[in-house]
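Here is a short report for a reader meeting this structure for the first time. Keep the sequence and the 3D view at hand while reading.

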Amino acid sequence: MISVVIPTLDAEAGLADTLTALVPAFVEGLIREVIIADGGSTDRTLAIANQAGAMVVGVPAPGRGAQQKAGAARARMSWLLFLHADTVLEPGWEREVSTFMQRVDDGRLKPSAACFRFALDDVGAKPRTVEIGVAARTALLKLPYGDQGLLIPRTLYNELGGYADLPIMEDIEFVRRLGRARITQLRARAITSAVRYRKDGYVSRTLRNQRCLALYMLRVSPDRIARIYAPAARAKT
């Protein structure tokens, strides 16, 4: 059974849709709890979470690494699913997830994690090009970002020590510890809001993301990367 952990900061724009996509899995009993790890929202994020019956965990300072770590610490189920608050899982995702979990639980697969295929809720060539690039990175490098979601057994998550309290790149840091051989990409899509791409420009945002990844791979500290590329709004979901 799954505990879903969603880090939030002023996430009212997308949170309701994210939670709605989880309802079929609740009905089937696959998801047993949703934990909103909030970094100090001042909009209707907490009201939406409370109306949905989610558990709210307050985190003193925003930052997805710290928020996800705090949420996981309160989770009670044997599997954890980390999602961003502006990401909607496409209909039918629960069937593929259930099959993956069963194969791990009964030993047909070694303990491992899964991510979803990345998609943007926009039309045209630019979002499709970004999606192709993300698919290539995930297939070749096994480096899914957090907006692809991460499904992982609690035992494996604990063995790895959980998410690090980093200002940026917490998702890449964690999956690198997880290792290439323990990551499976599912066919189901995680459809993420394209608002930031439209606001910043597809080319500009893509290049910024690639520069962040390159700097991290060159062992530049996440704190320095955050100072260069990540304003206070980075933690908003």
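## Arg-177 and its partner in α8

Arg-177 is partly exposed, with a relative accessible area of 29%. The model is predicted, and every value here is computed from it. The side chain of Arg-177 meets that of Glu-173 in a salt bridge, at 2.7 Å from N to O. Side chains of opposite charge can pair when their charged atoms come close.

Both residues belong to helix α8. They sit 4 residues apart, about one turn of the helix. An α-helix has 3.6 residues a turn, so residues three or four places apart point the same way. How covered is Glu-173, buried or exposed? Glu-173 is buried, because its relative accessible area is 17% and the cut-off for buried is under 20%.

## A second pair within a helix

Helix α6 spans residues 125–141. There, Glu-131 and Arg-128 are 3 residues apart, which means a separation of about one helical turn. Their side chains form a salt bridge, with N and O at 2.7 Å.

The two partners differ in cover. Glu-131 counts as buried, at 15% relative accessibility. Arg-128 counts as partly exposed, at 32%.

Thr-129 is also in helix α6. Thr-129 is exposed because its relative accessible area is 52%, and exposed begins over 50%. Its C-alpha atom is separated by 9.6 Å from that of Tyr-202. Along the chain, those two residues are 73 residues apart.

## A salt bridge between separate parts

Glu-159 forms a salt bridge with Arg-182. The closest N and O atoms are 3.7 Å apart. Glu-159 lies in helix α7 (residues 154–160), while Arg-182 lies in the loop between α8 (170–178) and β8 (183–192). The pair therefore ties together parts that are 23 residues apart in sequence.

Glu-159 counts as exposed, at 58% relative accessibility. Arg-182 counts as partly exposed, at 21%.

## The network around Asp-200

How many salt bridges does the structure hold? There are 11 salt bridges. Those that share partners join Asp-200, Arg-205 and Arg-208 into one network.

Asp-200 lies in helix α9, which covers residues 195–200. At 33% relative accessibility, Asp-200 counts as partly exposed. Which residues does Asp-200 contact, leaving aside its neighbours within four places in sequence? They are Arg-205 and Arg-208.

## Buried places

Thr-192 is found in strand β8. Thr-192 is buried, with a relative accessible area of 5%. What does Thr-192 touch, not counting residues up to four places away in sequence? Asp-86, Thr-87, Phe-118, Ala-119, Leu-120, Asp-121 and Asp-147.

Helix α4 (residues 64–74) offers another buried set. Its buried residues are Arg-64, Gly-65, Ala-66, Gln-67, Gln-68, Gly-71 and Ala-72. Their cover includes strands β1 (2–8), β2 (31–38) and β4 (79–82). Helices α7 and α8 also belong to this cover. Glu-159 of the salt bridge above lies in α7, and the pair Arg-177 and Glu-173 lies in α8.

## The whole protein

The protein has 11 helices and 8 strands. Its C-alpha atoms fill a box of roughly 40 × 40 × 35 Å, taken along the principal axes. With 237 residues, a compact globule would have a radius of gyration near 18 Å. The protein has 17 Å, which agrees.

Buried residues make up 53% of the 237 residues. Among contacts between residues at least 6 apart in sequence, 73% join residues at least 24 apart.

## Surface and charge

The protein exposes about 11000 Å². Carbon and sulfur atoms supply 55% of that area.

How many positive and negative charges does the protein have? It has 33 positive and 24 negative charges. The mean positions of the two sets are 6 Å apart.

Key:
Residues numbered from 1 in each chain as written. Predicted model: local features only at pLDDT ≥ 70, side-chain atom pairs only at ≥ 80, totals over all residues. Heavy atoms only, no water. Helix = DSSP H or I, 4+ residues; strand = E, 2+ residues; numbered from the N terminus. Buried < 20%, exposed > 50% of the residue type's maximum accessible area, 1.4 Å probe, protein only. Salt bridge = Lys/Arg side-chain N within 4 Å of Asp/Glu carboxyl O. Rg over C-alpha atoms; globule rule 2.2 N^0.38 Å. Contact = heavy atoms within 4.5 Å. Areas by Shrake-Rupley, 256 points an atom, 1.4 Å probe, with all protein chains shown as cover. Lys, Arg positive; Asp, Glu negative; His and termini not counted. Charge placed at Lys NZ, Arg CZ, Asp CG, Glu CD.
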